[in-house]
Amino acid sequence: LLRKRNPMVFSTGRREELRMVSEELRRRGRKLPGGRQVPRLILGVAALLLLCQVLGGAFVPLHRSLLRLALPAAGQLLGLLPAVAEEQKGYKEGLIQIGFPFQVAYPGGIPFDDFYLGGGEAEFGAQSLTNPKVVYVKPESRAYAQGLRVGDELTCAWKDDIYAFYSEGQLRRMKGVDAVLKKAANASSFLGMEANPGLKMEFIATGVVQPGDPAPDFKLPASSGGELSLSELLQGNEYLVVFFRPGSRFRGGDLQEVRLFGKATRALAERGATVVGIQMEPVGALAAQAKGLDLSFPLLCDYNGATAKAYGAYLELEEQGPNIDRKTFIIGKDGSIKTSFVDVGYDADKNQLVRHVADVVRILGGDPVKVKSELAPKSQSLGDFLGIANPGSAPVTPAL
């Protein structure tokens, strides 16, 4: 309840921060370099500020708190400011861990090409699966320097000088979330109230493998028999398209995406690419699916989710337990990640999956309009056609 009313209160990461700050105060109270003792008055003031924030229900991260003034002041009095700054820097870097929140702050407007957000636009905002996700971040950007990476999930956005924010649920349902937030960052108002330009955002680090990174190796049981490794799948191909899917844990058995990639294999082969699907299904069930759908590519069994974890596609749902999110990666013959599709959508319907498969073909240099007409000839419409040519506010990812 507190988190919904005030997104800055008592997230898991901030409870951990409270503990670390408390331990740091106790440590500094015992002994400092050179044998000098911290004056009890300074410690008392810092502890009082910390206690007031907790009891008042307004605990905020150290760099937003009055403690950021109290502790450096103590350091200045004792000639310890460089050490404090270095420790705070190390703590901030260590805070960004998979599954934990971190902040990205812009004091003014956000350059349009610094990063792009996809996803959101959910009919129901009850699941974190529909959180907006980072689909691109420029390595030279302020956001990248603060730890933002492809696949990270947006959970909150606010301005410091007013009490107003977009909650996690609002962001999940928001249409055009990328354009909305960048407009808000440049504006001198926010949600109807006067405010200075700039914006702060909270993200959850997801650990998705990044474009340019070496693709995590794997060797998994295959529907075609035996085991297949990444190197074996890449052999003789320019690219390997790896798509992760929930499988039978998803309604209807989750065969739609498999069918669509099966229909697109010829278009992908023309671009030097082959396909493989990864899910948690027992290999016997995958063999039956591959035979029933007459697939020309294998389905691999990642029974314990280890490969999904390595790629950042693993998740756990309250009702279903361990599961796999819907994500796709294009891997080059050099073994590196070329493109990451992180916002395919766990609940993607047939039309969304058709657009996704067509976009994979486009990235590889193929004709997405032709592929889409082959995948869904009866549902093709002017709106769908334009949806490929102009997929929204974010720029089209260039072909490889």
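**Notebook: strand 11 and its surroundings**

I began with one pairing: strand 11 and strand 16 run antiparallel to each other and are joined over 6 bridges. The model I am reading is a predicted one. Within this pairing I looked up V242 and found F329 of strand 16 opposite V242.

**Entry 1. The other neighbour of strand 11**

I then turned to strand 12. Strand 11 covers residues 239-244 and strand 12 covers residues 273-279; I noted that the two pair in the parallel sense over 6 bridges. Two residue pairs fix the register for me. V241 stands opposite V275 in strand 12, and F244 has I278 of strand 12 as its bridge partner.

**Entry 2. The sheet as a whole**

I placed these strands in their sheet. The sheet is open, has 5 strands in the order 13-12-11-16-17, and its pairing is mixed. Strand 13 (299-301) and strand 17 (337-341) are the edge strands, each of them pairing on one side only. I recorded the twist also: neighbouring strands of this sheet are turned by 20 degrees against each other on average, direction ignored.

**Entry 3. Burial of strand 11**

Is strand 11 enclosed or open to the outside? I counted 6 of its 6 residues as buried, so strand 11 is largely enclosed by the rest of the structure. I checked the two faces separately. Y239, V241 and F243 lie on one side, L240, V242 and F244 on the other, and all are buried, so to speak of either face is to speak of a covered one.

**Entry 4. F244**

I chose F244, a residue of strand 11, for a closer look. F244 counts as buried because its relative accessibility is 0%, the cut-off being under 20%. Setting aside residues up to four places away in sequence, I listed what F244 touches: E257, I278, T307, A308, Y311, A313, I324, D325, R326, K327 and F329. I278 in this list is also the bridge partner of F244 in strand 12. For K327 I looked up the separation: F244 and K327 are 83 residues apart in sequence, and their C-alpha atoms are 5.3 Å apart in space.

**Entry 5. Helices across the sheet**

Next I looked for helices lying on these strands. Helix 12 (residues 283-292) lies across strand 12 and strand 13, and runs at about 170 degrees to strand 13. Helix 14 (residues 350-363) lies across strand 11, strand 16 (327-332) and strand 17, and runs at about 160 degrees to strand 17.

**Entry 6. Helix 10 against helix 14**

I followed helix 14 to a helix partner. Two packed helices are described by the angle between their axes and the distance between the axes. The axes of helix 10 (residues 256-263) and helix 14 come within 10 Å and cross at roughly 35 degrees. The crossing of helix 10 with helix 14 is right-handed. On the helix 10 side I found Q256, E257, L260 and F261 in the contact; on the helix 14 side, K350, L353, V354, H356, V357 and V360. Sorted by class, this contact has 6 nonpolar, 2 polar and 2 charged residues. I noted that E257 of helix 10 belongs to this contact and is also among the residues that F244 touches.

**Entry 7. The hairpin of strands 14 and 15**

I then examined strand 14 (residues 314-317) and strand 15 (residues 321-324), which run antiparallel and are joined by 4 bridges. The connection from strand 14 to strand 15 is a hairpin through 3 residues. E316 stands opposite P322 in strand 15.

L315 lies in strand 14. Is L315 buried or exposed? With a relative accessible area of 12%, L315 is buried. Leaving aside neighbours within four places in sequence, I found L315 in contact with L129, G321, P322, N323, I324 and D325. I also looked up L315 and P246: they are 69 residues apart along the chain, and their C-alpha atoms are separated by 9.7 Å. I324 and D325 are contacts of L315, and F244 touches I324 and D325 as well.

**Entry 8. The chain overall**

I closed with the whole chain. The protein chain has 16 helices and 17 strands. Of its 400 residues, 48% count as buried. Among contacts with a separation of 6 or more, 66% are between residues 24 or more positions apart. The chain exposes about 19,600 Å², and carbon and sulfur atoms supply 55% of that area.

Note on methods:
Residues are numbered from 1 along each chain as its sequence is written. This is a predicted model: local features need pLDDT of at least 70, side-chain atom pairs count only at pLDDT 80 or more; totals for chains, interfaces and linings use all residues. Side-chain values use heavy atoms; hydrogens and water are left out. Two strands pair if DSSP finds at least two bridges between them. Axes are lines fitted to C-alpha atoms, for helices over the stretch in contact, and angles run from 0 to 180 degrees between N-to-C directions. Contact means heavy atoms within 4.5 Å. A crossing is left-handed if the near helix is turned anticlockwise from the far one by less than a right angle, and right-handed if clockwise. Ala, Val, Leu, Ile, Met, Phe, Trp, Tyr, Cys and Pro count as nonpolar, Asp, Glu, Lys and Arg as charged, and the others, Gly among them, as polar. Buried means under 20% relative accessible area, exposed over 50%, partly exposed in between (1.4 Å probe, protein chains only). Accessible areas come from the Shrake-Rupley method with a 1.4 Å probe; for residues, only the protein chains shown count as cover.
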